Amino acid sequence: MTDEDTGGGGQAALTRVGQWVVARRDELIGEWANWVRQPSVSSDGTGFPAATSYGADLVRRCGLVPEVIDTGGYPLILGTADGPPDAPHVLIYGHYDVQAPGPLDQWLSPPFDPEIRDGRMYGRGTGDNKGQHLAQLLALRALIESAGVLPCRVTVVLDGEEEIGSPNLAAAIRRRFPVTADTTANTPGRPDLAIWSDGPVHESGRATVVLGVRGVVAFQLRATGANSPLHSGNWGGIAPNPAWRLVHLLASMRSPDGMVLIDGAHAGVTAPSPGEQAALDAMPADPADVLRQIGADAMEPPAGLGYYQRLSRPTFTINSLTCEDAGEHRTIIPNVAVAKCDMRLVGGQRAADVIDAIRRHVAGHDPSVEVTVGATMEPQRTLPETTYTGAVVRGALAGLGEEPMLTPALGGSLPIAGLVEALDVPCYGVPLANADERNHAPNENMEVGRFLRGISGAAGVLLALAGAL
């Protein structure tokens, strides 16, 4: 990419983007507020299809050619724009659906009537994810209006179903970018990498470049006994107790020292790469302070693992245990016992393999226990050694004004993995929201300064990917 392509060099182009943001500050905040004001709750359909129409028009106003893609559910919104042929084709992912508001009496202002207080915009979707993908869109608009051209070819994908697990995303992407016998990583028209902005920055407030997410398999174990609860004095020692059967089954699945005993559940897990290990070692952590904050006196087994090492490994969690007794303590033998669980997955694992391993284990230990699988998401892992990592970090530094923390795949889960798998490309997260954004909770918010700075951050990443920074 030449200086002419960026209108005088990458740093000059980025400076113009910053000036563009300052000159239009109130307009851009108003655009953000209007987008939040449009409901788009995928769990119950509130705001659809108007939200799709609004989002497509927003993409158009930011200088891209919009396209609404039918998925069989809530549509995808695509936006495309050309760039220099020698620059990477960048796919930018976001989602325009939001969580339901939840308890309205816990909101200090109406969830779909955004309000700015103490330097933050409050409203459902402010950070998750309308403010963040809007910053990406406005970066494209700023580059087009200030330089006349984008530094990279861009495809924007706005998902209408992320909050319900993106059940149609991967299939829609495969249809849009089909793989044939001649398809390679460099096939014209196919993206070279993907970028997303979702979730918060590091809890310290420092900018972050995320190299992946853990996957998840949620499942329920249900043991049954008699056809109704029975008096423990009259039936104790006679009627089978499903609670004990369930406890024994769970004990067979994980040892007291934290080792998962389900054969095959960790198939495909590999050790961190040298770059991943270096990134984990460089991340700040104060485990004692974390334990104080959550009111705990020790970490979960196994012992001897570092804070971020724990968050980058597979886990097996019991989410809840119940005998469906409405929380009452009665001296009975329950007729049902239920455990709701999840396993977090890391790169190399496959959700289907983990599910098969769980079913085999249960069948071998107590075949009468019913296994019901809930939500699943695949893990996604991009190595620090991957080609575009340096450019993404360099661009984020230039645009956000601070060295971003390189974060290997850890923590929670996102449906982005299905999209990345469909395209077989590296993927980078550049979160823009504050660590206390309260996404999914009442009083969701995003700092106005982070939103505006995110526009320059997104522009910096594109300029760096094009080789201009």
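Q: At what angle do α2 and helix α14 pack?
A: This is a predicted model: local features need pLDDT of at least 70, side-chain atom pairs count only at pLDDT 80 or more, and totals for chains, interfaces and linings use all residues. Residues are numbered from 1 along each chain as its sequence is written, and side-chain values use heavy atoms, with hydrogens and water left out. Helices (DSSP runs of H or I, at least four residues) and strands (runs of E, at least two) are numbered from the N terminus. With axes as lines fitted to C-alpha atoms (for helices over the stretch in contact) and angles running from 0 to 180 degrees between N-to-C directions, the axes of α2 and α14 (residues 448-465) lie 11 Å apart, at an angle of about 105°.

Q: How are α2 and α14 oriented to each other: roughly parallel or roughly perpendicular?
A: Angles under 35 degrees count as roughly parallel, over 145 as roughly antiparallel, 65 to 115 as roughly perpendicular and the rest as oblique. The angle here is about 105°. The pair α2 and α14 is therefore roughly perpendicular.

Q: How many residues of the contact of α2 with α14 are nonpolar?
A: Contact means heavy atoms within 4.5 Å. R25, L28, I29 and W32 in α2 meet V448, F451, L452 and I455 in α14. Ala, Val, Leu, Ile, Met, Phe, Trp, Tyr, Cys and Pro count as nonpolar, Asp, Glu, Lys and Arg as charged, and the others, Gly among them, as polar. This contact has one charged residue and no polar one, and the number of nonpolar residues is seven.

Q: Which element gives the largest share of the largest nonpolar core?
A: A nonpolar core is a set of buried Ala, Val, Leu, Ile, Met, Phe, Trp, Tyr and Cys residues joined through side-chain atoms within 4.5 Å. Buried means under 20% relative accessible area, exposed over 50%, and partly exposed in between (1.4 Å probe, protein chains only). The largest core has 67 residues, and F451 and L465 have the most contacts inside it. Its largest share, eleven residues, comes from α14.

Q: How many residues does the other core have?
A: L465 touches P88, V90, C152, L193, I195, Y388, A391 and V392, leaving aside neighbours within four places in sequence. Apart from the core with 67 residues lies another one, which includes V217, F219, M343 and L345, and its residues number 26.

Q: Which strands stand at the edges of the sheet, each with a single partner strand?
A: Two strands pair if DSSP finds at least two bridges between them. One open sheet has the order β4-β5-β19, with antiparallel pairing. One side of each edge strand is left without a neighbour in the sheet, because each has a single partner: these strands are β4 (115-117) and β19 (445-447).

Q: Which helix packs on the sheet, touching β5 and β19, with its direction at about 45° to that of β19?
A: Strand β5 (residues 120-122) pairs with β19 over three bridges in the antiparallel sense, and M121 stands opposite M446 in β19. Helix α2 (residues 25-37) packs on this sheet, touching β4, β5 and β19, and makes about 20° with the direction of β5. The helix asked for, at about 45° to β19, spans residues 126-147 and is α4.

Q: How many charged residues has the contact of α1 with α4?
A: The axes of α1 (residues 10-23) and α4 come within 9 Å and cross at roughly 110°, so the two helices are roughly perpendicular. R16, V17 and W20 in α1 meet L138, R141, A142, L143, E145, S146 and A147 in α4. By class, the contact has six nonpolar residues and one polar, and its charged residues number three.

Q: What is the average twist from one strand to the next in the four-strand sheet?
A: Four strands form an open sheet in the order β12-β14-β10-β15, with antiparallel pairing. β12 (315-322) and β15 (370-377) are its edges, each with one side left without a neighbour, because each has a single partner strand. From one strand to the next, the twist averages 20°.

Q: Which residue in the turn has a positive phi?
A: β1 (residues 65-69) and β2 (residues 76-81) run antiparallel, joined by five bridges. V65 stands opposite T80 in β2. The two strands form a hairpin with six residues between them, and the turn residue with a positive phi, about 95°, is G72.
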